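Work through the exercises below with the structure open. Each task is followed by a solution in steps.

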Amino acid sequence: MVEQISREWAVGELRSDHLTDNMTLERIDTDLFRSVFVQVEDYSLYGGLVAGQALAAAGATVPEGRVPHSLHGYFLRPGAADLPTVFHVERDRDGRTVSSRRVVAVQQGKVIFNMAASFGQDEGEAMDQHVSAPEIAAPEYLPVHPMRRYPTVEVRAELPTPSGLPQRFWVRATQPLPSDDLVHACALAYVSDLSTGVRISPGLVPMASVDHALWVHHIPRGDEWLLVDLVGQVRVGRRGLYTGSIFTADGRLAATLAQEMLVLRVEDGAKPW
């Protein structure tokens, strides 16, 4: 996923439906990376994309055989989708079993995102799971949920929430992914931020993500169906928190997430706060 690339930026010339194209980074120095794929959009840079790219940059610096098991990131400024992002990795520590990394994502000299991530040895198949996957129809029996901004993934869901975004849905990459744990972990980070429209309180709509945490219990294939189940937890003033679980099709818990977001109140046509 990290390549030595030298070319002019061809902004907006293509809209790739392959997740690895979106995640590919150019290594421009030992611990300095730059995103390769950019495009013109009507929206700011998707948070799940920058988180996945940051994880890819961090993963390119850890010892062989170590895979991500947790990350915590802060969204500091809106990113521009039509500009490359530069990722600077700090190698905080390489212990006997765990590697710790920090990543700062920069556009036009300003930090848009920072992340701390931890990598460890694959713990194998042993797992003591205390949460079950929710009851939901299999993806082949559900309609495709229109999320045109994310052509790299297919989403299938039941009726949308009042916000228009699903809180429980199936998702998978539209194209096959290579057999690389880091690639699939980055795909997991990408989909973990897909639906910030979780309903926390009546009359509120999501505005922007503040921070995002992801704990990876085992790395699933991102090109096979994953079930994302999101639950609104609490709102305090303009900040709301939701948590989520990501399951494989056979009900195994792959990851747990938590995200805090800014919300706006819109009632009876009134302007937001």
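**Exercise 1. Find the salt bridge of Arg101 and class both partners by burial.**

Step 1. The side chains of Arg101 and Asp94 form a salt bridge, with N and O 3.0 Å apart. A salt bridge here is a side-chain nitrogen of Lys or Arg within 4 Å of a carboxyl oxygen of Asp or Glu.

Step 2. The model is predicted: local features need pLDDT of at least 70, side-chain atom pairs count only at pLDDT 80 or more, and totals for chains, interfaces and linings use all residues. Residues are numbered from 1 along each chain as its sequence is written, and side-chain values use heavy atoms, with hydrogens and water left out.

Step 3. Arg101 has a relative accessible area of 1% and is buried; buried means under 20%, exposed over 50%, and partly exposed in between (1.4 Å probe, protein chains only). Asp94, at 41%, is partly exposed.

**Exercise 2. Which residue does Asp223 pair with in a salt bridge, and is Asp223 buried or exposed?**

Step 1. The partner of Asp223 is Arg221, at 2.8 Å from N to O.

Step 2. Asp223 is buried, because its relative accessible area is 15%. Arg221 is partly exposed, because its value is 29%.

**Exercise 3. Locate the salt bridge of Glu260 in the chain.**

Step 1. Glu260 is bridged to Arg239, and their closest N and O atoms are 3.0 Å apart.

Step 2. This pair links distant parts of the chain, 21 residues apart: Glu260 lies in strand E13 (residues 253-265) and Arg239 in strand E12 (residues 239-248). Helices (H or I, at least four residues) and strands (E, at least two) are DSSP runs, numbered from the N terminus.

Step 3. Both ends count as partly exposed, Glu260 at 22% relative accessibility and Arg239 at 42%.

**Exercise 4. Describe the surroundings of Glu154.**

Step 1. Glu154 belongs to strand E8 (residues 153-157). At 18% relative accessibility, Glu154 counts as buried.

Step 2. A network of salt bridges links Glu154, Arg156 and Arg172. The structure as a whole holds nine salt bridges. Side chains of opposite charge can pair when their charged atoms come close.

Step 3. The side chains of Glu154 and Arg156 also make a polar contact at 2.7 Å. That term covers a pair of N or O atoms within 3.5 Å; within protein, one must be able to donate a hydrogen and the other to accept it, and residues adjacent in sequence count only if both atoms are side-chain atoms.

Step 4. Setting aside neighbours within four places in sequence, Glu154 is in contact (heavy atoms within 4.5 Å) with Val144, Trp170, Val171, Arg172, Thr174 and Trp225.

**Exercise 5. Which residues line the second largest cavity, and what classes do they fall into?**

Step 1. A cavity is a set of points on a 1 Å grid over the protein atoms alone where a 1.4 Å probe fits but cannot get out; lining residues have an atom within 4 Å of a point.

Step 2. The lining consists of Leu19, Val153, Val171, Arg172, Ala173, Ala187, Leu188, Val191, Gly222 and Leu226. Strand E9 (168-173) and helix H3 (181-191) are the elements that give two or more residues to this lining.

Step 3. By class, eight are nonpolar, one is polar and one is charged. Ala, Val, Leu, Ile, Met, Phe, Trp, Tyr, Cys and Pro count as nonpolar, Asp, Glu, Lys and Arg as charged, and the others, Gly among them, as polar.

Methods: On a 1 Å grid over the protein atoms alone, a cavity is a set of points where a 1.4 Å probe fits but cannot get out, and a pocket is an open set with protein on both sides within 12 Å along at least five of seven lines; lining residues have an atom within 4 Å of a point.
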